[in-house]
Amino acid sequence: MASRIVPIRCPYGTTAVMAYLVLGAEPALVDTGDATHARGPIAMALREHGLDLGDVRTVVNTHGHYDHAGGNAAVAAIRPPGSVGNARPAVLIHEAGGALLADAAPHLEGYFTAAARLLAQPAQEATLRAGFATLWGGPSTPTRTLADGDRVDLGGGVVLDVLHLPGHADDHVGLFWEREGVLIAGDAAQGTGSRVGGGPLYFGSVRMARASLARLLAVPFRTLHVSHPFGMLGTDDRATTYGAAGGRAFLAASLDVLDTTEAAVRAALRRRPAEPFPAFARAVTAELERAGRWPLRPDPQTGVPPNAAPTLAGIVAEVDGG
Ligand SMILES: [Zn+2]
């Protein structure tokens, strides 16, 4: 039954991040939210199923970003009452994600400050760095690293196929429970992004992000779960769970958003080829506003829509590189 995968909404600022309770032979979590979520909404969802954090035997991370793996340390620290020996849950992540679980540095020097650095916002970067410790709960250690094509057998008939889906992050995986047609795509597909008036966040290769979206479209899912309430084209609706048709429309829209953004980057490159990135990103924003495919609310300080800069930089790098 699909209800053996239970979505857990973890509030995050004006938006939310999802974790999933998976009820195999023993309880598992797909993602653990940020450092504040494990003992909050995740523990609450477990209680509704007569469980607590100490009952979780497996954590599978879709990727190592702080808002998906920030609760790993908290979950791993809690052992079942009366347990002896090492009863910590298994922690599974793609082989490229181990560094993100081990240390704050790859977060701080990577995706977490990417937009602030690209748009030359040192004060914003300093604020982000100062706040990171409250979001990331400290190191956790993978007990198994995942690769494309692996299977995660959680017992009780719950077998998740691992799909490596780089683009949002190099270590991103999707999880497909074939028997029930349930696909957890995490942040691999983003529509118009998680912020109203913003853009999608692909920190890695945008070309790979497209390939990952094409791959997701080929998965015969009946239910699609994503990790944030992402925007769609032409509607204010934001969902984290879709049926077969809605999920395919969302994936197609995610590709369309990248096509539209790439066209805007190419147009801006033709008009102003030698601009420094912050000014160039404003020129792309103007092109996107002309295209008018989804409403944009540029940040008053940078003139660029929230979250949009890393994807723009990725497209520029790939368009320039031929
Ligand atoms: Zn992420």
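Strand β6 (residues 144-146) runs parallel to β5, and three bridges join the two; here strands are DSSP runs of E with at least two residues and helices are runs of H or I with at least four, numbered from the N terminus, and two strands count as paired if DSSP finds at least two bridges between them. The model is a predicted one, in which local features need pLDDT of at least 70 and side-chain atom pairs count only at pLDDT 80 or more, while totals for chains, interfaces and linings use all residues. Residue numbers start from 1 along each chain as its sequence is written.

Strand β5 (residues 90-94) also pairs with β4 (residues 58-60), again in the parallel sense and over three bridges. Four of the five residues of β5 are buried, a residue being buried if 20 or more other C-beta atoms, placed from the backbone, lie within 10 Å of its own, exposed if 12 or fewer, and partly exposed in between. The table gives residues that stand opposite one another at these pairings.

| Residue in β5 | Opposite residue |
|---|---|
| Ala90 | Thr58 |
| Val91 | Val59 |
| His94 | Leu146 in β6 |

These strands belong to an open sheet of six, in the order β1-β2-β3-β4-β5-β6 and with mixed pairing. Because β1 (5-12) and β6 stand at the edges with a single partner strand each, one side of each is left without a neighbour in the sheet. Neighbouring strands of this sheet are turned by 25 degrees against each other on average, direction ignored. Helix α1 (residues 38-48) lies across β1, β2 (15-23) and β3 (27-30), and runs at about 150 degrees to β1, where axes are lines fitted to C-alpha atoms, for helices over the stretch in contact, and angles run from 0 to 180 degrees between N-to-C directions.

The largest nonpolar core (buried Ala, Val, Leu, Ile, Met, Phe, Trp, Tyr and Cys residues joined through C-beta atoms within 7 Å) holds 89 residues, of which Tyr20, Leu29 and Leu312 touch the most other members. Helix α9 (residues 244-271) supplies the largest share of this core, eight residues. Leaving aside residues up to four places away in sequence, Tyr20 touches Ile5, Val6, Pro7, Ile8, Leu29, Val30, Asp31, Ile184 and His225, contact meaning C-beta atoms, placed from the backbone, within 7 Å.

The chain as a whole has eleven helices and twelve strands, and 47% of its 322 residues are buried. Its C-alpha trace spans about 65 × 45 × 35 Å along the principal axes.

Conventions. Contact = placed C-beta atoms within 7 Å.
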